[in-house]
Amino acid sequence: MSEARSDAPEATMANGTVAPNTAEMPDTTPSSDVYAPSDGMIENANITAYMRKKGFDTYDDLYQWTVNNPQDFWADMAQELEWYAPWDQVLDESHAPFYKWFAGAKCNIVHNAIDRHLTTWRRNKVALIWESEMGEMRSYSYHLLNREVSRLANVLKSMGVKKGDIVTIYMSRIPELMFAMLACAKIGAAHSVVYGGFSVDALADRINDAKSKVLLTADGGYMRGKVIELKKIVNEALQRTPTIQTVIVTKHTGQDVVMETGRDLWLHDLFGLPIASALCDTEPVDAEDMLFVLYTSGTTGKPKGVVHTHGGYMVGTYTTLKMVFDIKDEDRYWCAADPGWITGHSYIVYAPLITGATSIMYEGAPNFPYPDRWWNIVSRYGVNVMYTAPTAIRSLMRFGEAWPSRHDLSSIRLLGSVGEPINPEAWRWFRDTIGASETPIMDTWWQTETGHFMITPTPITPLKPGSATRPFLGVDVDVVHEDGSSCAANEDGMLIIRKPWPGMLRTVLNDPDRYVSAYWEKVPGGVYTAGDSARKDEDGYIWVIGRLDDVIKVSGYRLGTAEVESALVSHSSVAEAAAIGLPHELKGNAIHAFVILRMGFEPSPALEAELKAHVGHEMGPIARPEKIEFVTFLPKTRSGKIMRRVLKAQALGQDVGDTSTLET
């Protein structure tokens, strides 16, 4: 619990009342400080312009109108974009919870991300600035971006990729990953991006579920000066996948790789052929046609393929980036995530391009070769808006203020946080050290499933460190008990969303029943259950606490306990395993595993190290356990379910609570 500061500025809350001096505020949340936006920020914000356009005097009045009239608000936003054919209905609720947004409309997200800029001055504006930790740099105007995407789109068509197919992409953080995503969307195919840090099993499982015929990858990627052998992982994964017919490989790191004749092709060789024309028409698609599938860990062993579509996702991501990060034409924007996660899909690839922004993409670690790598990039490129994760912030905090102080960070006017709740200490360090004690932090809560920001400040919102503040325009969020009734102020409950929103997932790939049961049936009333616990304070600010289910969030990435346990049990020495997340200073949570060995195997430090490496090989380094404890017994219910909450309570020295359902 943070100590209240008596010197914090007085601020007007979103409901129009003046927040009391923080020394007098009840200490019921992780932080009770309130930071008011500057007059200049309020005056010049995009959201202020929209508020004035609609004739509202306060943000709270605007928000209330958007929640009461969400279809009018989202239609307003949609009309700022271009459509091949208009919609018949903004929202079709006839088959809830299988909602349809902008029903009947024809569009393509690539038309708004690239094509429409080519007839304006933005044609020659820089769309992407890319840099590798190894020193390589490239930049692409919107014109050049269009050429690269069109060439790859034509290559995909020549390989038989057609509308409705799902193409798997497995690359490091390089421009070709962006080109591949856009090329798929341009021709009406869907993409399934698998994070380049995932390993063999994770890649194979996702290919099999998507039934992909074509895989796009690279020979390797870079991280901390080392080569990630992507093609080697691909070769092993494809031994477990029957559907892949063609693998297109980008030469990036240059090391020798095994290329299978008749299946594997170099992209640069294909680009030298007539098939790789720079002219390719963008395919009109239905607003509800699938844009991509992105896999998110669940509480069972099988990851969920979350499906997003062109129209609503396009409107939702564009609107939130414009309003929350206040993107202006002169800005240089950097989302320091990976395109392989939803943050990268929405706020590296699609939304920045739709807004016509200039974006930075960096391949590598934030502290390689020195802890000022990020701050060097901010200074050299004049980054105005930076969006990253609490894990990265905490890791850079360890090195103190000396490293960022070497660089001119005065260009920064907005900072952002994503992936998990940010602790107040890290929030203040980020604001004070990187943002010169005056830059607002947009602490955003959202999910792979939601597609775009759901709870977030805007540049005109008074901020409380550790809170994502209030729901975005048109988004109706609440904290409730299991029976669906609203919790009292500062009472822990379940985070829900009461009404549909444009960027929402449409289904779980190949499993619509799972979509309904996982998201729409856990709380009465036909509401979306986020799976997070939260509380709402007396100002209506939301404080997200953590996951309700058996998912571990490591460095902002969601990993299913079942996936980790399955990887452990696949080792010849392991009979049973359980995985939990325990608090970690840098990662937010770290994986701790409990293992029962098979007969004939004995616990040892060497075996612990071997099992850690095995999980890293099977799932990727992000899933490598911090600690493995060898046990002879795991607490289970009488039905055989491992009681992970008991293991977690024991590990933290807490009361284990009711154990009446445990087998004895």
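# Exercises on helix packing and strand pairing

Strand 26 (residues 528-536) is joined to strand 27 by five bridges, and the two pair in the antiparallel sense. The model is predicted, and the exercises below work through its strands and helices.

## Exercise 1

Determine the order of the strands in the open sheet that holds strands 26 and 27, and state which strands stand at the edges.

Solution. Step one is the order: the open sheet has four strands, arranged 23-24-26-27, and the pairing is antiparallel. Step two is the edges: strand 23 (477-480) and strand 27 (542-547) each have a single partner strand, so one side of each has no neighbour in the sheet. Step three is the turn between neighbours: it averages 45°, direction ignored. Step four is one residue pair: Asp-532 stands opposite Arg-547 in strand 27.

## Exercise 2

Describe the open sheet of three strands, its edges and the helix that packs on it.

Solution. Begin with the order, which is 30-31-32, with mixed pairing. The edge strands are strand 30 (574-584) and strand 32 (627-630); each has a single partner strand, so one side of each is left without a neighbour in the sheet. From one strand to the next, the twist averages 25°. Next, take one pair of strands: strand 31 (residues 588-597) and strand 32 run parallel and are joined by four bridges. Within strand 32, Glu-629 is the bridge partner of Phe-594. Last comes the helix: helix 18 (residues 561-569) packs on the sheet and touches strand 30, strand 31 and strand 32. The direction of helix 18 makes about 135° with that of strand 30.

## Exercise 3

Work out how helix 7 and helix 12 are oriented to each other, and which residues make their contact.

Solution. Two packed helices are described by the angle between their axes and the distance between the axes. For helix 7 (residues 175-186) and helix 12, the axes come within 11 Å and cross at roughly 60°. A roughly perpendicular pair would need 65 to 115 degrees, and helix 7 and helix 12 are therefore oblique to each other. The crossing of helix 7 and helix 12 is right-handed. Helix 7 contributes Met-178, Met-181, Leu-182 and Ala-185 to the contact, while helix 12 contributes His-345, Ile-348, Val-349, Tyr-350 and Leu-353. Sorted by class, the contact of helix 7 with helix 12 has eight nonpolar residues, one polar residue and no charged ones.

Then consider helix 12 (residues 342-355) as a whole: 14 of its 14 residues are buried, so helix 12 is largely enclosed by the rest of the structure. Just after helix 12, Gly-356 has a positive phi of about 80°.

## Exercise 4

Decide whether Glu-176 of helix 7 is buried or exposed, and list its contacts beyond four places in sequence.

Solution. Glu-176 lies in helix 7. The relative accessible area of Glu-176 is 12%. The cut-off for buried is under 20%, so Glu-176 is buried. With neighbours within four places in sequence left aside, Glu-176 is in contact with Arg-138, Met-171, Thr-250 and Leu-267.

## Exercise 5

Classify the packing of helix 4 against helix 11.

Solution. The axes of helix 4 (residues 70-78) and helix 11 (residues 310-324) are 9 Å apart, and the helices pack at an angle of about 85°. That angle makes helix 4 roughly perpendicular to helix 11. On helix 4 the contact is made by Phe-73, Trp-74, Met-77 and Ala-78, and on helix 11 by Val-315, Gly-316, Tyr-318, Thr-319 and Met-323. The residues of the contact of helix 4 with helix 11 comprise seven nonpolar, two polar and no charged.

## Exercise 6

Place Thr-296 in the structure, and find its distance in sequence and in space from Thr-448.

Solution. Thr-296 belongs to strand 16 (residues 290-296). With a relative accessibility of 3%, Thr-296 counts as buried. Thr-296 and Thr-448 are 152 residues apart in sequence, but 7.0 Å apart in space, C-alpha to C-alpha. Leaving aside neighbours within four places in sequence, Thr-296 has contacts that include Thr-448, Glu-449, Tyr-519 and Arg-558.

## Exercise 7

State which residues of strand 9 point one way and which the other, and how strand 9 pairs with strand 8.

Solution. From strand 9 (residues 190-193), Ala-190 and Ser-192 point one way, His-191 and Val-193 the other, and all are buried. Strand 8 (residues 166-170) pairs with strand 9 in the parallel sense over four bridges. One of the bridge partners is His-191 in strand 9, which is matched with Val-167.

Note on methods:
Residues numbered from 1 in each chain as written. Predicted model: local features only at pLDDT ≥ 70, side-chain atom pairs only at ≥ 80, totals over all residues. Heavy atoms only, no water. Buried < 20%, exposed > 50% of the residue type's maximum accessible area, 1.4 Å probe, protein only. Axes fitted to C-alpha atoms, helices over the stretch in contact; angles between N-to-C directions. Parallel < 35°, antiparallel > 145°, perpendicular 65-115°, else oblique. Left-handed = near helix turned anticlockwise from the far one by under 90°. Contact = heavy atoms within 4.5 Å. Nonpolar A, V, L, I, M, F, W, Y, C, P; charged D, E, K, R; others polar. Pairing = 2+ DSSP bridges.
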